[in-house]
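This report introduces a structure to a reader who has not met it before. It treats the ligand and its surroundings, and then the contacts of aromatic rings.

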Amino acid sequence: MDRIAVLTSGGDSPGMNAAIRAVARTCFFNDKECVGVMRGYEGLIDGDYIPLTRSAVGGIIHRGGTILKTARSERFTTPEGCQEALRRMREAGIEGLVVIGGDGSFHGAKALHDMGMPVIGVPGTIDNDVAGTDETIGFDTAVNTALEAIIRLRDTASSHDRLFIVEVMGRNAGFLALEIAVASGAEYVAVPELPLSIGNLCQRLRLSQEKKKSHTLIILAEGVMPANEMKAKLQDTGGYDARVTVLGYIQRGGSPTSFDVVLASRMGAYAAESLLIGKSGFMVGNVNHRMVLSPLERSWSEHKTLSPELLGLVDKLN
Ligand code: F6P
């Protein structure tokens with residue numbers, strides 16, 4: 001294998017550039033060529049490649065976003081789209097591909113693998129909802145970005161003795177919300193994985209008032225309901241006047257933390273090395289601090305679960 005391509009797909013996450021750099025530099029280290037595919041699977045179908053030279057990946061290790069841009073591709077979900085992408089790759093002499101993205105992106109990776117193109121996946125998403133790895137690239141940065149914002153919110157919340165609902169991302173999963181709740185010392189966390197009773201929440205808020213807490217913070221995962229809906233329910237059920245903050249895309253931007261840079265560097269290098277020794281159809285994971293490979297389909301067929309320990313901590317420590 002002499003020429004490897006790398007693409008980023010789905011929502012961007014901080015650390016993707018460090019992973020791209022690691023893939024490219026591992027290729028150079030092994031005297032191989034590396035090309036970047038622009039706009040994820042869209043660029044794969046259009047044959048939109050750029051040479052990833054040593055200088056092209058210089059100075060990107062700490063940059064947020066992705067220099068290769070990213071997209072969610074409808075065209076690639078069709079057999080014609082896949083065939084065209086494969087044809088273009090073969091035409092360009094590409095013999096292997098690293099896909100950096102979430103479990104949605106790995107469906108495309110699996111399709112290419114099944115058609116005979118060697119592919120390795122690298123989990124990059126702030127949601128951390130990919131089975132087969134303890135952390136995904138960008139999760140740690142997103143938690144820290146949210147924490148920074150919440151520390152500011154606490155100042156104003158406590159000055160006014162207010163109740164705040166902070167809505168965080170995570171799609172249908174509560175990993176981000178739970179980690180943020182523990183890190184910020186929130187009084188309550190609402191995650192899609194657990195049923196939510198507004199009556200029970202109101203009871204908890206009353207207890208919080210009895211403990212003479214100067215302010216109360218609820219971390220709400222976007223997959224539960226919109227923050228304004230929760231605000232209305234708390235008003236109707238318990239007469240609470242909550243203030244709402246939706247952190248939104250702020251959580252996806254910014255420079256990666258050192259944890260994410262190191263994770264992305266390890267995963268990118270391991271993915272390229274795995275391809276070069278003939279592996280395909282796998283995703284790289286960080287399990288108990290070690291790089292491992294697991295079948296791509298595990299990322300969507302297995303349901304990753306929230307840590308009961310962390311869930312318990314929010315209750316115990318509030
Ligand atoms: O998967 C990452 C993520 O940021 C989710 O947390 C969020 O629900 C989604 O992407 C937003 O997607 P889009 O960029 O398509 O609006």
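A polar contact is a pair of N or O atoms within 3.5 Å. The model described here is predicted.

## Polar contacts of the ligand

An N or O atom in the side chain of D127 lies 2.7 Å from an oxygen atom of the ligand. The side chain of Y249 likewise places an N or O atom 2.4 Å from a ligand oxygen atom. For G170, it is a backbone N or O atom that lies 3.0 Å from an oxygen atom of the ligand. On its own the ligand has 400 Å² of accessible area, and the protein covers 77% of this.

## Residues around the ligand

D127, G170 and Y249 are among the residues that surround the ligand. The others listed around the ligand are R72, T125, I126, M169, R171, E222 and R252.

## The aromatic pair

A search of the whole structure yields 1 aromatic pair. Its members are Y41 and F76, whose ring centres are 4.2 Å apart and whose planes form an angle of 20°, so the pair is stacked, as planes under 30 degrees apart count as such.

Y41 belongs to helix α2 (residues 40-46), while F76 lies in the loop between β3 (49-51) and α3 (79-91); the pair therefore ties together parts that are 35 residues apart in sequence. Y41 counts as buried because its relative accessibility is 5%. F76 also counts as buried, at 5% relative accessibility.

## A charge over a ring

Another ring contact involves F175: the charged end of K304 sits over the ring of F175, at 5.4 Å from the ring centre.

Methods
Residues are numbered from 1 along each chain as its sequence is written. This is a predicted model: local features need pLDDT of at least 70, side-chain atom pairs count only at pLDDT 80 or more; totals for chains, interfaces and linings use all residues. Side-chain values use heavy atoms; hydrogens and water are left out. Rings of Phe, Tyr and Trp (its six-membered ring) pair if their centres lie within 6.5 Å; planes under 30 degrees apart count as stacked, over 60 as edge-to-face and the rest as tilted. Helices (H or I, at least four residues) and strands (E, at least two) are DSSP runs, numbered from the N terminus. Buried means under 20% relative accessible area, exposed over 50%, partly exposed in between (1.4 Å probe, protein chains only). A charge sits over a ring if NZ of Lys or CZ of Arg is within 6 Å of the ring centre and within 35 degrees of the ring normal. A residue is near a molecule or strand if one of its heavy atoms lies within 4 Å of it. A polar contact is a pair of N or O atoms within 3.5 Å; within protein, one must be able to donate a hydrogen and the other to accept it, and residues adjacent in sequence count only if both atoms are side-chain atoms. Accessible areas come from the Shrake-Rupley method with a 1.4 Å probe; for residues, only the protein chains shown count as cover.
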